[in-house]
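Student: Got a few minutes to go through this one with me? I'd like the packing story.

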Amino acid sequence: MSETINFNNTEFAFSSKSNYELKKAIILFKLLRYGSLTKIGKSFLKFAFKVKLPVEGILRKTIFSQFCGGENLLDCKSEIDKLFNKGLVLSILDYSVEGSESEKSFDDNLDTLLKVCQFSKNQKEIPFLVFKPTGIGKLEIFRKISENQILDKSECEQWERIKKRFETICLAVSKTDTLKVMVDAEESWAHCAVDRLTEEMMVKYNKTRTVVFTTVQLYLRHKLDYLKDLKKLSEQHKIRIGVKLVRGAYMEKERNRAFKMGYKSPICQDKAATDKNFNDGLDYVLDNLDFFDVFLGTHNEFSCKRLVRGLMVHNLKSTDGRIWFGQLFGMSDNISFNLSQAGYNVVKYVPFGPIKEVMPYLIRRAEENSSVGSQSSREIELIKKELLRRKVL
């Protein structure tokens with residue numbers, strides 16, 4: 001049955017894209033294959049924004065339009081509607097402003113998240129809200145809490161404000177009828193603090209439905225054990241556990257820090273070990289769906305097919321509300337649209353925010369694409385296939 005999921009069906013995958021958009025995407029993905037160009041572009045953009053060069057127009061028409069829904073909620077509405085109307089693909093609005101460090105910026109981010117909640121709560125096209133913990137508090141505070149370091153008075157006050165912001169978001173989402181909130185991933189040295197807060201929110205708000213989802217990065221060796229701990233939490237408090245399963249996004253940073261500080265890297269030793277850990281985590285959650293809702297966040301076609309096969313083995317419908325697939329806006333449309341056409345619950349992460357403030361996110365995406373060259377190559381292969389089918393290449 002899983003073979004009926006044809007990820008090579010480009011006609012449906014790119015039905016919402018014009019010839020011009022596809023040709024532009026080919027050029028962009030070709031550039032993203034070269035890590036050296038990404039590094040040069042990163043340095044240039046920092047300089048350009050510093051000296052106020054007029055680069056926003058170019059960015060808006062290229063990398064921003066490919067990977068972002070717009071600068072504000074109303075900009076995103078047309079993209080959300082297009083995803084839904086063309087392929088029944090749902091959306092997660094992701095306010096992708098990164099790198100803020102002031103308490104005012106954290107409060108501003110909270111206000112934006114609450115507006116997203118208000119905007120999304122009555123729209124069937126938007127089932128999830130997502131936020132990064134470092135969007136509402138400093139990474140250094142999360143690190144110190146995770147490592148049981150003593151906080152000074154100012155840091156204690158910051159931690160209290162972080163907890164209050166965390167709860168404010170989860171409470172707002174819990175008051176809606178169906179909206180869910182996903183706590184996004186951070187570096188491993190912040191996990192204990194992030195996990196503690198997220199677990200507290202799940203205990204509080206996941207009693208009658210799965211409101212709060214945590215992110216489990218399975219390129220970390222110990223995370224399979226953490227899934228088992230989450231099952232125990234579910235049993236103890238009689239709650240459901242929402243988990244987003246991903247491989248991970250901070251590999252270089254994790255390994256560099258481990259080397260610099262002289263501890264063993266928490267990352268699996270190679271891709272094969274990572275894939276096994278990811279598959280084992282997925283299988284564990286599927287075997288325990290009485291306790292878990294699962295969101296599979298991946299661009300890996302084999303992983304998506306594994307989940308499809310798993311649903312068949314467990315005699316579950318494609319529409320089962322406990323099972324979700326997710327990919328990033330502007331990438332892997334062949335996965336998203338073809339899964340959705342087959343009846344599965346599929347969501348696109350739709351980043352948004354002012355161009356200048358979203359650039360750190362976009363640069364990180366570019367770096368990830370250049371470090372995993374096969375992703376860009378696969379995108380190019382599929383787009384070329386579709387343009388040939390349309391007889392315009």
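Tutor: Sure, we'll go through some helices, strands, cores and cysteines in turn. Keep in mind that this is a predicted model.

Student: Start with α6. How far apart are its end C-alpha atoms?

Tutor: They are 26 Å apart. Helix α6 covers residues 103-120, which is 18 residues. At 1.5 Å a residue the expected span is 26 Å, so the two agree.

Student: Which residues of α6 are buried?

Tutor: Ser105, Phe106, Asn109, Leu110, Thr112, Leu113, Val116, Cys117 and Ser120. Down the helix axis, the buried residues of α6 fall within an arc of 165 degrees, so they line one face.

Student: Why would spaced-out positions point the same way?

Tutor: An α-helix has 3.6 residues a turn, so residues three or four places apart point the same way.

Student: And what is exposed on the other side of α6?

Tutor: Lys104, Lys115 and Gln118.

Student: What do the buried residues of α6 pack against?

Tutor: Five elements are listed here: α5 (73-87), β1 (90-95), β2 (128-131), α8 (153-174) and β8 (346-352).

Student: You mentioned β2. How many bridges join β2 to β3?

Tutor: Four, and the two strands run parallel. Leu129 stands opposite Val181 in β3. On to β4 (residues 212-217): β3 pairs with β4 in the parallel sense too, over two bridges. There the bridge partner of Val181 is Val212.

Student: Are the faces of β3 covered or open?

Tutor: Both are covered. β3 spans residues 180-183. Lys180 and Met182 are buried on one side, Val181 and Val183 on the other.

Student: Switching to cores. How many residues are in the largest nonpolar one?

Tutor: It has 74. Leu230, Val243, Leu245, Phe325 and Leu339 have the most contacts inside that core. A second, separate core has 41 residues, including Val55, Ile92, Val130 and Trp324.

Student: What does Phe325 contact, leaving aside neighbours within four places in sequence?

Tutor: Phe295, Leu296, Cys304, Leu307, Val308, Leu339, Tyr344, Asn345, Val346 and Val347.

Student: Leu339 again. Where does that residue sit?

Tutor: Leu339 is one of the buried residues of α14. Eight of the nine residues of α14 (residues 333-341) are buried, so the helix is largely enclosed by the rest of the structure. The buried set also includes polar names such as Asp333 and Asn334.

Student: What follows α14?

Tutor: Gly343 does, with a positive phi near 100 degrees.

Student: Now cysteines. How many disulfides?

Tutor: Zero. Take Cys68: the nearest cysteine sulfur belongs to Cys76 and is 8.3 Å away. Cys68 is buried, with a relative accessible area of 3%.

Student: Why is Cys268 without a bond?

Tutor: Because the closest cysteine sulfur, in Cys192, is 17 Å from its own, too far for a bond. Cys268 is also buried, at 5% relative accessible area.

Student: Last one: Ala25. Buried or exposed?

Tutor: Buried, with a relative accessible area of 5%. Ala25 is found in α2 (residues 19-32). Beyond neighbours within four places in sequence, Ala25 contacts Gln66 and Ile383.

Student: And how far is Ala25 from Thr208?

Tutor: Their C-alpha atoms are separated by 43 Å. Along the chain they are 183 residues apart.

Definitions and conventions
Residues numbered from 1 in each chain as written. Predicted model: local features only at pLDDT ≥ 70, side-chain atom pairs only at ≥ 80, totals over all residues. Heavy atoms only, no water. Expected span 1.5 Å × (residues − 1). Buried < 20%, exposed > 50% of the residue type's maximum accessible area, 1.4 Å probe, protein only. Arc of directions from axis to C-beta. Contact = heavy atoms within 4.5 Å. Core = buried A, V, L, I, M, F, W, Y, C linked by side-chain atoms within 4.5 Å. Disulfide = S-S within 2.5 Å. Pairing = 2+ DSSP bridges.
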